[in-house]
Amino acid sequence: MIEIFFRTLPFFALIGLGFWAGRTQFFSQEATAYLTKFVFYFALSAMLFRFAANLSLADIIDGRLIAGYLWGTAIVYGLATLIGFIRKLNVANAAVEAQCAVIGNVGFLGIPMLAALLGDGAIGPVLLVLAVDLIVFSSLIVILITLSREGHMSFSILRIVGLGLIRNPMIVAITLGLVWSITEIPIPGPIDDFLSILGAAATPGALFAIGASLASKSTERFQVAAWLSFCKLILHPTFVAFGVIVLFPIDPFSAAVVIAAAALPVAGNVYILAQHYNVAPQRASAAILLSTVASIITVSLAIALVGDLLIDGVVDQEYIPL
């Protein structure tokens, strides 16, 4: 556990550095927004394209992994929604809380950290988790919020969802990378070097941007934020573990990666959606801040646990040992 903590600490130290820069106004909110845009549209997209282009569909698509992850995620999503309804929340507010309970920071934190800690073998499962989050649950929250306002399903709702998916640079980068991999044509050297250099900026840039953006987050409604953080950091990986180990068993290494991905803190894009639709943005903000702070300990614990239970003796030399 201590060894894993010290190996994850540099990633959270970068987040802390960004937080300091944002809190002291050394990095303004406008600067943070532009850094986030650079990472989202350029650096992270280059990293994802290069990862996907060097994988085959068989390396990424795994029906049992999808089923196990969806099962665990749906259980926690449903539980958070039920608790929201018991507290007399409307559909839109309950949808935002449920999103906080299950959508982790896979893009900005999970991919660079898990790839560094677990090796290149972790990339395929993490990309699949990211794709499920973006395609299924990011679409679901848009549908629920829009449906609660319009009162009925319409073509315009589906159009909004569809446009959101095809305009998401992470989905575009992964898709184009897989299309390239199908051609089985190696990426030309200069292009590969370009993507490697640009993609290398994704990890420090994304982590710094996470911290800087957290500096503007509040901790209002602490009890709700604590409940949602508990769902995300504890319940989500627990139910996902049951899904990929018991119900839809997959190979031990992939299961470990998926569980570790499920243990990540609440994603920043939940706040972006909440703010865009003006539905409980402060609640999402507090959950992101609290879960990220708590994840300094819980993510290390989760990776240590899956390492002890699933990876020890299974990982070959191509992976970085835990």
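# A guided tour from the cysteines to the surface

Begin by selecting Cys231, which counts as buried at 0% relative accessibility, where buried means under 20% relative accessible area, exposed means over 50%, and partly exposed lies in between, with a 1.4 Å probe and protein chains only. The model on screen is predicted, so that local features need pLDDT of at least 70 and side-chain atom pairs count only at pLDDT 80 or more, while totals for chains, interfaces and linings use all residues. Residues are numbered from 1 along each chain as its sequence is written, and side-chain values use heavy atoms, with hydrogens and water left out.

Keep Cys231 selected and add Cys100, which is likewise buried, with a relative accessible area of 0%. A search of the whole structure finds zero disulfides, a disulfide being a pair of cysteine sulfur atoms within 2.5 Å. Cys100 is in no disulfide, and the nearest cysteine sulfur to its own, that of Cys231, is 9.9 Å away.

Next, turn to the salt bridges, of which the structure holds three; the term stands for a side-chain nitrogen of Lys or Arg within 4 Å of a carboxyl oxygen of Asp or Glu. Select Asp192 and Arg50, whose side chains meet in one of these bridges at 2.9 Å, N to O. This pair links distant parts of the chain, with Asp192 in helix H10 (residues 189-200) and Arg50 in helix H2 (residues 29-53), 142 residues apart. Helices here are DSSP runs of H or I with at least four residues, and strands are runs of E with at least two, numbered from the N terminus. Arg50 is partly exposed, with a relative accessible area of 26%.

Now select Arg87 and Glu97, which form a salt bridge whose closest N and O atoms are 2.7 Å apart. Arg87 lies in the loop between helix H4 (63-86) and helix H5 (91-102) and Glu97 lies in helix H5, so the pair ties together parts that are 10 residues apart in sequence. Arg87 is partly exposed at 31% relative accessible area, whereas Glu97 counts as buried at 1%.

Add Arg283 to the selection, because this residue is buried, with a relative accessible area of 10%, and its side chain meets that of Glu97 in a salt bridge (3.0 Å, N to O). Arg283 sits in helix H15 (residues 281-311) and Glu97 in helix H5, so that this pair links distant parts of the chain, 186 residues apart. Salt bridges that share partners join Arg87, Glu97 and Arg283 into one network.

For the interior, select Leu48, Ile111 and Leu127, which touch the most other members among the 105 residues of the largest nonpolar core. Such a core is a set of buried Ala, Val, Leu, Ile, Met, Phe, Trp, Tyr and Cys residues joined through side-chain atoms within 4.5 Å. Its largest share, 13 residues, comes from helix H7 (residues 123-150).

Finish on the outside with Phe242, Ile245, Val246 and Leu247, which make a nonpolar surface patch of about 320 Å². Phe242 is placed in helix H12 (residues 222-247) and is partly exposed, with a relative accessible area of 38%. Patches are made of residues with over 30% relative accessible area and no salt bridge, like charges being joined within 9 Å and nonpolar side chains (Val, Leu, Ile, Met, Phe, Trp, Tyr) within 5 Å; accessible areas come from the Shrake-Rupley method with a 1.4 Å probe, and for residues only the protein chains shown count as cover.
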